[in-house]
Amino acid sequence: MKFVIQRVSEACVRVNDTIVGSIGRGYLVLVGAADTDTAEIADKMINKLINLRIFEDENGKTNLNLDSVDGELLIVSQFTLYADCRKGNRPSFTGAGGPDMAEKLYNYILSECKKRVKVVEHGIFGADMKVSLVNDGPFTVIFDSDVMF
């Protein structure tokens, strides 16, 4: 499982020119799943995400987590995080999880995050989405369960 986490001052996702999810200060999280991913792996990733301390404290040090700043989440599915560009110039996506399994895990991630974070917005799985953000910093962190756990 892969999460690309961007600390944002604001972010939104549109489908067919309609905003379907929008947040203020928090994280825009792009989520990709592989066929080998499980709810157990998702739980570890979610826990790491929620406790990630990349917001600045009163001294300008990155010591604060999402809860400490009343941060919000915008979670967007993105199978292209599993693009394999080793051969040729056209990416292969065979490492990405199948749509049914990936959607199930994506919905699981959403439901678990909603238990722990006040505001959780999201895109629409499988839709053609337009994502806008103001990356605060910029500050971007990548989680990859294959190397983290």
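This is a short tour of a predicted protein model, with suggestions for what to select at each stop.

**Stop 1: the whole chain**

Start with everything shown as a cartoon. You should find three helices and eight strands. Follow the chain from the N terminus and the elements come in the order β-β-β-α-β-β-β-α-β-β-α. The radius of gyration is 15 Å, close to the 15 Å that the globule rule gives for 149 residues, so the protein is as compact as a globular protein of that length. Along the principal axes, the C-alpha atoms fill a box of roughly 45 × 40 × 30 Å.

Now switch on the surface. The protein exposes about 8300 Å², and carbon and sulfur atoms supply 47% of that area. Of the 149 residues, 40% count as buried. Next, colour the charges: there are 17 positive and 21 negative ones, and the mean positions of the two groups are 3 Å apart.

How does the chain meet itself? Take the contacts between residues at least 6 apart in sequence: 73% of them join residues at least 24 apart. Keep that in mind for the next two stops.

**Stop 2: helix 2**

Select residues 99-116, which form helix 2. At 1.5 Å a residue, its 18 residues should span 26 Å, and the end C-alpha atoms are indeed 26 Å apart, so the two values agree.

Which residues of helix 2 are buried? Show the side chains of A102, L105, Y106, I109, L110, E112 and C113 to see them. As you look at their spacing, remember that an α-helix has 3.6 residues a turn, so residues three or four places apart point the same way.

What covers these buried residues? Colour strand 1 (2-15), strand 3 (26-32), helix 1 (39-51), strand 6 (72-77) and strand 7 (120-122), which are all included in the cover.

**Stop 3: Y106 and S77**

Stay in helix 2 and pick Y106, which has its place there. With 3% relative accessibility, Y106 counts as buried, because the cut-off is under 20%. Leaving out residues up to four places away in sequence, Y106 touches I75, V76, S77, H122, G123 and F125.

Now select one of those partners, S77, in strand 6. Is S77 buried or exposed? Its relative accessibility is 12%, so S77 counts as buried. Try a distance label here: the C-alpha atoms of Y106 and S77 are separated by 6.9 Å, although the two residues are 29 apart along the chain. Besides Y106, the contacts of S77 beyond four places in sequence are V31, F125, G126 and M129.

**Stop 4: backbone surprises**

For the last stop, show the backbone atoms. Most residues other than glycine have a negative phi, and most peptide bonds are trans. Here are some exceptions to look at.

Go to the loop between strand 1 and strand 2 (18-23) and select N16. The phi of N16 is near 55°, a positive value in a residue that is not glycine. At 69% relative accessibility, N16 counts as exposed. Then select D17, found in that loop between strand 1 and strand 2. D17 is not a glycine either, yet its phi is positive, at about 65°. Its relative accessibility of 76% means that D17 counts as exposed.

Finally, where is the cis peptide bond? Select G137 and P138: the bond that joins them is cis, with omega about -5°. P138 lies in strand 8, which covers residues 129-144.

Note on methods. Residues numbered from 1 in each chain as written. Predicted model: local features only at pLDDT ≥ 70, side-chain atom pairs only at ≥ 80, totals over all residues. Heavy atoms only, no water. Helix = DSSP H or I, 4+ residues; strand = E, 2+ residues; numbered from the N terminus. Rg over C-alpha atoms; globule rule 2.2 N^0.38 Å. Buried < 20%, exposed > 50% of the residue type's maximum accessible area, 1.4 Å probe, protein only. Contact = heavy atoms within 4.5 Å. Areas by Shrake-Rupley, 256 points an atom, 1.4 Å probe, with all protein chains shown as cover. Lys, Arg positive; Asp, Glu negative; His and termini not counted. Charge placed at Lys NZ, Arg CZ, Asp CG, Glu CD. Expected span 1.5 Å × (residues − 1).
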